[in-house]
Structures are given as structure tokens and as C-alpha cells.
Amino acid sequence: MILAVLQARMGSSRLPGKAMATLQGQPMILRQLERIRQAATLSKIIVATSDQPADDALAGFLVSRGVTVHRGAGADILDRIARCAEAAGPVSHIVRLKGDAPFVDPGLIDQTVRLALSTGADYASNRVYRTYPAGLEVEVISAQALRTAAAEERDPLARISPTAAIRSQPNRFRHAHLRAVRDWSSLDWRVKTPADLAFARSIYDALHPVDPGFRMGDVLDLVESKQDLGRFAA
């Protein structure tokens, strides 16, 4: 089983409640799930959020929409993701995705999963050697590597970044890297500020009504053709 875990939370100093900010009439978290479900390689999706009161409304909303939710310690994201894998059943790989990425691309998810499977890598990603726009990161971790990291990592700060221990030990954990055909790493499509949200809304307003399954290439074409979106263009 390939399990996708989407990290999401309501607390943000720059953009509070961003998971529920609307894109084309639906909360961003639902737009992300809409896109993730298009990936052919995934067996199941869980949203991982914290057990803090600030995330009660998010968790309740998702459960009311039939989304599987796991809640865990706010500062221990490594444990939270490991427990998602335990709860899901017999999982071979976990796909880690982040909640500030409304342009998550199902094609990139599938490519990264297939890279992990074909190479036997413990960790496959397009993150270590960045060539894709920020906000399109995909990390695929073998269940065994995740269990090892969760059991061994003692640094509380390191446990906030659940793949840090695996990424920092390429001699112990086998890595595989997905690279784009050109370098788009200067682009940042994450939603962290009100300006980022305005950008995401402009893209969704332009592309989603025409094709809800729009991909990275469609966003690139749009931002390269619009001068007012210049700071996000290649």
C-alpha cells in the first residue's frame, strides 16, 4: 500500500487559517485533496494535523467530508506521520505532502513513487536537488526507513522535519532524486502569505473552470504569459 500523508494546520503567523482559505469556492485543503486523488499510484490518503485546539475546526470539517484524519503532537511531526502509517495498515511507502501547496501535481507524485519502487530507494524526492517550483515537493519514504527514523531520532527540533534524519544519511538510506527538464527552483508557489493566496486564487480562477486537473505546465504557461504575475514567472 502506498499511503499519502498530507500535513495541514490552521496555525500560521503570516496567514492564519490558510487551510480553509477558499480557492474557486472550496477550502484550499479540499482543492489539494482533489488534486492528490488524481495520482494513480496512491492507495489511501490521510490528513495529519495537530491535536491543538486551533486545529479542531479543521479536523471536524474534514471528518464531516469523509476524509481520514490523524491528530498528533504539534511539535512531533515525525511521530505523527509514523502513526498515520501504523493506523493505515500494511504500508510499504509513505508519500509526504505539505498543506501550503495548492498546486501539488499528481503527475509528479506518480513519477516519484515509481522512482522509489523501480530503484528500491528508501527515500525518493524532487526536494534534495531542487529543480521544480517550491510547493511541488514530493517525498516518498519506505515504511521501514520511517519506522527507523521515528524510533532513533532523539532531537526534538529534528522531529519537526520528519525526513531530516533520512535525508542526512544517504550512506545508510538509499536515495533517488527526481529532476525537472530545466531549473524552475527560483519559483515559489507555496501559500504562506496573503500575497501568495492572491496568486493562488488568480491561477485557480483562470485554470480550474477550464480543467480541474490542470498541471504544472499549465501554471507555467499562464504565469509566463501574464505580466502581473511576473514575480512568479520563470
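**Figure 1. Strand β4 is joined to β5 by four bridges, and the two strands run parallel.** The model shown here and in the other views is predicted. On β4, T49 stands opposite R71 of β5. Strand β4 also pairs with β1: five bridges join these two strands, which run parallel. Within this second pairing, L6 has V47 of β4 as its bridge partner. Strand β4 is mostly covered, with six of its seven residues buried. In a regular strand, side chains alternate between the two faces of the sheet.

**Figure 2. A right-handed β-α-β unit is made by β4, α2 and β5.** The helix of the unit, α2, spans residues 56-64. Strand β4 covers residues 44-50, and β5 covers residues 69-72.

**Figure 3. Surroundings of T49, a residue of strand β4.** T49 has a relative accessible area of 0% and is therefore buried. Its side chain makes a polar contact with the side chain of D55, at 3.4 Å. Leaving aside residues up to four places away in sequence, T49 touches A8, R9, D55, L58, A59, V69, H70, R71, G72 and R80. One of these contacts, R71, is also the residue of β5 that T49 stands opposite. Another, R80, is among the buried residues of helix α3.

**Figure 4. Helix α3, residues 77-88, and the elements it packs against.** The helix has 12 residues and reaches 17 Å from its first C-alpha to its last, close to the 16 Å expected at 1.5 Å a residue. Its buried residues are I77, L78, R80, I81, A82, C84, A85 and A88. An α-helix has 3.6 residues a turn, so residues three or four places apart point the same way. The buried residues of α3 pack against strands β1, β4, β5 and β6 and against helix α5. Of these elements, β6 comprises residues 93-98 and α5 residues 143-152. After α3 comes G89, with a positive phi near 110°.

**Figure 5. The loop between β5 and α3, with G74.** G74 has a relative accessible area of 37%, so this residue is partly exposed. Not counting residues up to four places away in sequence, G74 touches S50, D51, Q52 and R80. R80 is also touched by T49. G74 and L115 are 41 residues apart in sequence, and their C-alpha atoms are 31 Å apart.

**Figure 6. The largest nonpolar core, of 56 residues.** Residues with the most contacts inside this core are I29, V95, F103 and I109. At least two residues of the core come from each of β1, α1, β4, α2, β6, α4, α7 and α8. Helix α7 gives the largest share, six residues. F103 touches R35, L136, W189, F199, A200, I203, Y204, F214 and V219, residues up to four places away in sequence not being counted. Another core, of 23 residues, lies apart from the largest one and includes A48, C84, A85 and I141. C84 and A85 are also among the buried residues of α3.

**Figure 7. Q24 in the loop between β2 and β3.** The flanking strands are β2, residues 22-23, and β3, residues 26-27. Most residues other than glycine have a negative phi. Q24 has a positive phi, near 50°. With a relative accessible area of 33%, Q24 is partly exposed.

Conventions. Residues numbered from 1 in each chain as written. Predicted model: local features only at pLDDT ≥ 70, side-chain atom pairs only at ≥ 80, totals over all residues. Heavy atoms only, no water. Buried < 20%, exposed > 50% of the residue type's maximum accessible area, 1.4 Å probe, protein only. Polar contact = N/O pair within 3.5 Å; in protein donor to acceptor, adjacent residues only side chain to side chain. Contact = heavy atoms within 4.5 Å. Expected span 1.5 Å × (residues − 1). Pairing = 2+ DSSP bridges. Right-handed = clockwise from strand over helix to strand, strands pointing away. Core = buried A, V, L, I, M, F, W, Y, C linked by side-chain atoms within 4.5 Å.
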